[in-house]
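The exercises below each set a task and then work through a solution step by step. Please keep the sequence and the model in view while reading.

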Amino acid sequence: LQTLVYGRDRIRFMESLVVGDIAELKPGQGTLTLLTNEKGGITDDLIVTNTSEDHLYVVSNAACADKDLAILRDRAAQLQAKGSDVHLEVSDNALLALQGSPSMARVLQAGLSDDLAKLSFMNSISTTVFGVPGCRVTRCGYTGEDGVEISVPAARAVELAEQLLGVPDVWLAGLAARDSLRLEAGLCLYGNDIDETVTPAEAGLMWTLGKRRRVAMDFPGAAVIMAQVKEKPRRRPGAMALTGAGRAPFTSLYPHIPGTVTSGCPSPCLGKNIAMGYVEAAHSRAGTELTVEVRKKQHPAVITKMPFVPTQYYMAK
């Protein structure tokens with residue numbers, strides 16, 4: 001779901017729904033943030049960009065599109081009733097992701113008049129891509145790799161995709177490939193690792209809360225979340241790597257100590273199974289050994305630090 005937020009009160013509107021400091025974003029800069037409910041649970045994770053064209057550009061998960069849009073529209077109506085200047089426009093653009101360093105930059109630069117070397121991670125520009133005008137290129141992609149998401153007018157999406165696929169280095173990739181990359185990078189997947197029953201404090205995502213927002217406590221569920229920070233959550237996110245099993249394809253891992261595995265797969269880069277989940281705080285320290293079950297057989301594993309594989313995000317000099 002791609003939503004454009006217009007009006008002089010657009011930042012106040014967005015900050016009434018998410019935990020991030022949207023006001024501090026420079027033109028063209030975006031941030032990963034969380035849409036929370038009154039109980040502190042995570043309704044969705046979003047990328048909000050403060051564009052250079054006097055609107056916010058919001059990208060949310062497709063699986064959450066209906067509920068997210070209902071929340072956005074309801075809050076907009078509430079603020080409009082009080083005289084606020086905010087209105088929404090749902091974009092019908094398609095979204096293409098081009099991921100993988102270092103080839104991505106070389107491939108895309110050939111079709112851009114803008115200098116991609118000046119575009120840092122989590123920044124965005126409106127531009128023409130391989131002759132297709134009206135595109136928004138954002139240097140992100142939720143894979144841990146240097147990549148971009150290209151918002152392209154729907155009528156020309158196939159054309160642009162075919163042009164990109166005409167480059168020998170570009171291949172189609174399914175969600176399983178993307179999932180292994182995001183897990184290697186230690187990134188949470190909505191619906192697996194985070195949902196409305198998990199708070200940012202429990203998920204290890206307190207870094208998404210701006211300092212100003214923590215003090216103001218003016219986002220949904222603030223009292224619950226900040227209380228958890230002081231009390232320390234009883235469960236914590238845990239990254240697990242198998243130490244005694246091979247690369248059984250698409251195998252989930254199940255710890256026998258108190259806890260839950262939420263994501264698991266073979267790591268193509270590491271050549272072993274990895275997983276993310278939640279364990280009791282006492283078992284969450286890196287180096288803690290545990291037993292997991294893979295296809296009804298027990299294997300040793302160890303809690304490890306994330307990310308499993310170093311990220312390749314691009315920071316312009």
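**Exercise 1. Find the residue with positive phi that follows helix α5, and describe the buried side of the helix.**

Step 1. Helix α5 is followed by Gly186, whose phi is positive, near 70°; helices here are DSSP runs of H or I with at least four residues, strands are runs of E with at least two, and both are numbered from the N terminus. The model is a predicted one, in which local features need pLDDT of at least 70 and side-chain atom pairs count only at pLDDT 80 or more, while totals for chains, interfaces and linings use all residues. Residues are numbered from 1 along each chain as its sequence is written, and side-chain values use heavy atoms, with hydrogens and water left out.

Step 2. Within α5 (residues 175-184), the residues Ser180, Arg182, Leu183 and Glu184 are buried, where buried means under 20% relative accessible area, exposed over 50% and partly exposed in between, with a 1.4 Å probe and protein chains only.

Step 3. These buried residues of α5 pack against β12 and β13, contact meaning heavy atoms within 4.5 Å.

**Exercise 2. Describe how β12 and β13 are joined.**

Step 1. Strand β12 (residues 259-267) pairs with β13 in the antiparallel sense over 8 bridges; two strands count as paired if DSSP finds at least two bridges between them.

Step 2. One of the bridges can be located by its residues, since Gly264 has Ala275 as its partner in β13.

Step 3. The two strands form a hairpin with 4 residues between them, and there Gly271 takes a positive phi near 70°.

**Exercise 3. Place Met306 in the chain and state which residues it touches.**

Step 1. Met306 lies in the segment after β15 (297-304), and with a relative accessible area of 36% Met306 is partly exposed.

Step 2. Leaving aside residues up to four places away in sequence, Met306 touches Gly186, Ala239 and Met276.

Step 3. Met306 and Leu183 are 123 residues apart in sequence, yet their C-alpha atoms are 9.4 Å apart in space.

**Exercise 4. Work out the strand order of the open sheet of 4 strands, and find the helix that packs on it.**

Step 1. The order is β6-β9-β8-β7, and the pairing is antiparallel.

Step 2. Because β6 (94-99) and β7 (124-129) stand at the edges with a single partner strand each, one side of each is left without a neighbour in the sheet.

Step 3. From one strand to the next the twist averages 30°, axes being lines fitted to C-alpha atoms, for helices over the stretch in contact, with angles from 0 to 180 degrees between N-to-C directions.

Step 4. Between β6 and β9 (residues 147-152) there are 6 bridges, and Ala94 has Val152 as its bridge partner.

Step 5. Helix α4 (residues 157-165) packs on the sheet and touches β6, β7, β8 (132-138) and β9, its direction making about 10° with that of β6.

**Exercise 5. Identify the residues that touch the most other members of the largest nonpolar core.**

Step 1. This core has 26 residues, of which Ile42, Ile194, Ala203, Leu205, Leu209 and Phe308 touch the most other members; a nonpolar core is a set of buried Ala, Val, Leu, Ile, Met, Phe, Trp, Tyr and Cys residues joined through side-chain atoms within 4.5 Å.

Step 2. The elements giving two or more residues to this core are α7 (222-231), β10 (235-242) and β13 (272-280).
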